[in-house]
Amino acid sequence: ARVASARATLARRRARPGRVDVVPRAGPKNRLREKEAKKRSSGARDYEREMDDYVAKHVAPATRALDAARARPGRRSDAQRFIRKVQRKVKKASQKAVDALLPRDAGAFRPRADVPARVGAPGTYATVYRPQRPNPASAYGRAAAAWGTLFACAWIALKVINRENPLRAIGSAFKGVGRRAPPPGATGPGRWVGDRSLGGRQVWVPATADRFRDERKRLEGALDDVPEDANVKPGSATKARGNEKKTSGAAKALPAWWTPPSPQYVPPGRKEALIQVAKAQGATLAAKRVSGAGFSADDIADFRAACAAAGERGCAVKSVGPESARVAIFRAAADFAVTDAMRGQAGATSAFNTPVGPLLVGLSDDLSLDAHKCVSIVMADVAVRVRGAVVQAGAGLRSNDSVATMLELNKLVDLFNTFPFTPDAPELDMLSVGLRSRLSEDERRRICDEFDAISNGEHSAVVRVAVCGASDSAYE
């Protein structure tokens, strides 16, 4: 409106009578004024362009968002609202979990609340506020607790999936605190023992489930526990035997089943290679002993075959280990041999695929063990098996099961056919003393009669001494 009024006023002034328009005369150009005018024209603001930029930057996005919102459906369904609510809760819970597991407030990531701090002289009320220092220990402690809880829940879930009792596993873990774990491949319970022959090295010794183990060890030294005369005190007999310890072992005769095997032919050019093979087999047995895996019949048979092929006595002794290791190997072989003998498979059908008697004799030579000590180990195992069979036969008599009694006594027949006892063996005297607390006199007499009927009189004297006892027993 102002512009229009100004134009109208200018038009009226020009239309006055007697007014003469004066045309300015062209004079010389003023370059300074032209420069200033050009500068003013270039520095002038372009309001229209600024307005277009503002609209494109601020107004157009809001308009598009409003149009998009208007294009949406007016109301969400109940399912959509529920899903949206669950999403918000999950997002919030995950954010809390992340904050707990990854402590971001331990440093300068998140501002902490201000705490008051009083400054100035005592009695004044001047109080200023300074920012609280972060506590990294509390933040990382919460994170460690959160991670521990997460792993504990995962472990419990894994135990439940595997059908295991988590409480029992926790109890066993606390029970074994401070104990060294068994080596890989060890089966069953056991313990670590320091072997002085190996420089104090810890060796895993399995607690075998052999119920005859302790009793067999007691019977291995039966000759040392029997007094020579019933009227002699045990202490004096022990002193006398100590003086004659070296000569008593040499004077004792070996049993009839202790027959050395026939030697094998060794080619002259292959002896060293065969000795190395035997040493490798001995090292395998030593490694199984240290790891607690135990010896199998095949391992012992392979070691015996390699040593027999080498043709040299004791060629692999050092690879096996100390005397305790060699005795353990022979004891395991004796256990396999006695088991096969009770089954009636002491020949080529044994667990070693060879007769058990020659194998034990050859194994004692390969391990450089004393023959009398090896015989004592074998016969102690035999005595323990005899006691078990007699007790089972007595149980069959009490339950009126004649078949079970005959089967147990038949095992004794097969056992004595392979490893016979002499009637004056001290192990039999000790067996008779132990069986008196298990069986009555009538039961022991019936067992002897049944054995006589099954064995046709063979080994009857041995069984009677073992079951009923000898008349001149040192324990009477």
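Me: Is asparagine 353 buried or exposed?
Reply: In this predicted model, asparagine 353 lies in the loop between H14 and H15. Its relative accessible area is 60%, and a residue counts as exposed over 50%. Asparagine 353 is therefore exposed.

Me: What is the phi of asparagine 353?
Reply: Most residues other than glycine have a negative phi. Asparagine 353 is not a glycine, yet its phi is positive, at about 60°.

Me: Which residue in the loop between helix H16 and H17 has a positive phi although it is a residue other than glycine?
Reply: The loop in question joins helix H16 (371–398) to H17. A residue found there has a relative accessibility of 72% and counts as exposed. Its phi is near 55°, and the residue is asparagine 400.

Me: How is H14 oriented relative to H15?
Reply: The axes of H14 and helix H15 (residues 356–366) come within 10 Å and cross at roughly 175°. Angles over 145 degrees count as roughly antiparallel. H14 is therefore, relative to H15, roughly antiparallel.

Me: How many nonpolar residues are in the contact of H14 with H15?
Reply: On the H14 side, the contact holds Phe330, Ala333, Ala334, Ala337 and Asp340. These meet Val356, Leu360, Leu363 and Ser364 in H15. By class, 1 residue is polar, 1 is charged, and the nonpolar residues number 7.

Me: Which side chain of opposite charge is nearest to aspartate 340?
Reply: Aspartate 340 lies in helix H14 and is buried. Among the residues it touches, not counting those up to four places away in sequence, are Gln345, Ser350 and Val356. A salt bridge requires a side-chain nitrogen of Lys or Arg within 4 Å of a carboxyl oxygen, and aspartate 340 has none. The nearest side chain of opposite charge is 4.2 Å away and belongs to arginine 343.

Me: How is H14 oriented relative to H17?
Reply: Helix H14 (residues 323–342) packs against helix H17 (residues 402–418) with the axes 7 Å apart and an angle of about 125°. This angle is not over 145 degrees, as roughly antiparallel would require, and it falls outside the 65 to 115 degrees of roughly perpendicular. H14 is therefore, relative to H17, oblique.

Me: How many charged residues are in the contact of H14 with H17?
Reply: Val338, Ala341 and Met342 in H14 meet Lys411, Asp414, Leu415 and Thr418 in H17. Asp and Lys count as charged. The contact has 4 nonpolar residues and 1 polar residue, while the charged residues number 2.

Note on methods:
Residues are numbered from 1 along each chain as its sequence is written. This is a predicted model: local features need pLDDT of at least 70, side-chain atom pairs count only at pLDDT 80 or more; totals for chains, interfaces and linings use all residues. Side-chain values use heavy atoms; hydrogens and water are left out. Axes are lines fitted to C-alpha atoms, for helices over the stretch in contact, and angles run from 0 to 180 degrees between N-to-C directions. Helices (H or I, at least four residues) and strands (E, at least two) are DSSP runs, numbered from the N terminus. Angles under 35 degrees count as roughly parallel, over 145 as roughly antiparallel, 65 to 115 as roughly perpendicular and the rest as oblique. Contact means heavy atoms within 4.5 Å. Buried means under 20% relative accessible area, exposed over 50%, partly exposed in between (1.4 Å probe, protein chains only). Lys and Arg count as positive and Asp and Glu as negative; His and the chain ends are not counted.
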